[in-house]
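Subject: The structure we talked about

Hi,

Here is the structure I promised to pass on. Have a look at it first, then read my notes underneath.

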Amino acid sequence: MYQLGLNRNFSARHYLIGGDWGAENHEHAHQYRLECILKSNILDQHGYLIDIVELNRALDQILLDYADKTLNSCSAFKDLNPSLENFARILNHALRGQLCTDSLTSIEIILWEDEEAWASYTHLVQ
């Protein structure tokens, strides 16, 4: 099994909804770290799992919608709590829409909110 990963750092703001989480209910910023891990059993004719330029471009395009923004006001979070778990799934779904996934077996997004807290979402490609 081959794996390819890229990391991105970006800032965004949010506030949690639907419960009493103290300070988390008030708008605040996080310095997020996104880890993207792609897996495949095969490589292309160039010996690549996927063209890293294509992956970089896709991640940059996706993060335009979230970096330096308040997540609660982003359309992807309409009626959703902007939790790490939801954000990891949203980023994963967006990445799947940007990439040709014919040879991939899985796409995993690990999203760090700080040095201690992270959530991940893995999509197994059929």
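The buried residues of helix α2 are Leu84, Asn86, Phe87, Ala88, Ile90, Leu91, Asn92 and Leu95. Buried here means under 20% relative accessible area, exposed means over 50%, and partly exposed is in between (1.4 Å probe, protein chains only). Helices (H or I, at least four residues) and strands (E, at least two) are DSSP runs, numbered from the N terminus. Before you go further, note that this is a predicted model: local features need pLDDT of at least 70, side-chain atom pairs count only at pLDDT 80 or more, and totals for chains, interfaces and linings use all residues. Residues are numbered from 1 along each chain as its sequence is written, and side-chain values use heavy atoms, with hydrogens and water left out.

Back to α2. Its buried residues pack against β1, β2, α1, β3 and β4 (118-124), where contact means heavy atoms within 4.5 Å. The expected span of a helix is 1.5 Å times one less than its number of residues. For the 15 residues of α2 that gives 21 Å, and the end C-alpha atoms are indeed 21 Å apart.

One residue to click on is Asn92, which lies in α2 (residues 84-98). It has a relative accessible area of 0%, so Asn92 counts as buried. What does its side chain reach? A polar atom of the Asn92 side chain lies 2.9 Å from the backbone oxygen of Ile107, and the side chain also reaches the backbone oxygen of Tyr121, at 3.0 Å. These are polar contacts: pairs of N or O atoms within 3.5 Å where, within protein, one must be able to donate a hydrogen and the other to accept it, and residues adjacent in sequence count only if both atoms are side-chain atoms. Leaving out residues up to four places away in sequence, Asn92 touches Ile107, Glu108, Ile109, Tyr121, Thr122 and His123.

Next, the core. A nonpolar core is a set of buried Ala, Val, Leu, Ile, Met, Phe, Trp, Tyr and Cys residues joined through side-chain atoms within 4.5 Å. The largest one has 31 residues, and those with the most contacts inside it are Leu34, Leu38, Tyr66, Phe87, Leu91, Leu95 and Leu111. Two or more residues each come from β1 (2-14), β2 (28-40), α1 (52-63), α2 and β3 (104-112). The largest share, six residues, is from α2. Phe87 makes a good starting point: neighbours within four places in sequence aside, it is in contact with Phe10, Tyr32, Tyr66, Leu71, Phe77 and Leu111.

Now α1. This helix has twelve residues and reaches 16 Å from its first C-alpha to its last, close to the 16 Å expected. Its buried residues are Leu55, Ala58, Leu59, Ile62 and Leu63. Seen down the axis of α1, they fall within an arc of 125°, so they line one face of the helix; the arc is that of the directions from the helix axis to the C-beta atoms. An α-helix has 3.6 residues a turn, so residues three or four places apart point the same way. The buried residues of α1 pack against β1, β2 and α2. At the start of α1, a side-chain oxygen of Asp51 comes within 2.9 Å of the backbone nitrogen of Val53.

The loop between α1 and α2 holds Asp68 and also Asp79. Asp68 has a positive phi of about 65° although it is not a glycine, and Asp79 likewise has a positive phi of about 65° without being a glycine. Most residues other than glycine have a negative phi. Asp68 is exposed, at 68% relative accessibility, and Asp79 is exposed too, at 69%.

Last, the cysteines. How many disulfides does the structure hold? Zero, with a disulfide taken as a pair of cysteine sulfur atoms within 2.5 Å. For Cys36, the nearest cysteine sulfur is that of Cys100, 15 Å away. The sulfur of Cys74 is 19 Å from the closest cysteine sulfur, in Cys36, which is too far for a bond. Cys36 is buried at 1% relative accessibility, and Cys74 is buried at 9%.

Cheers
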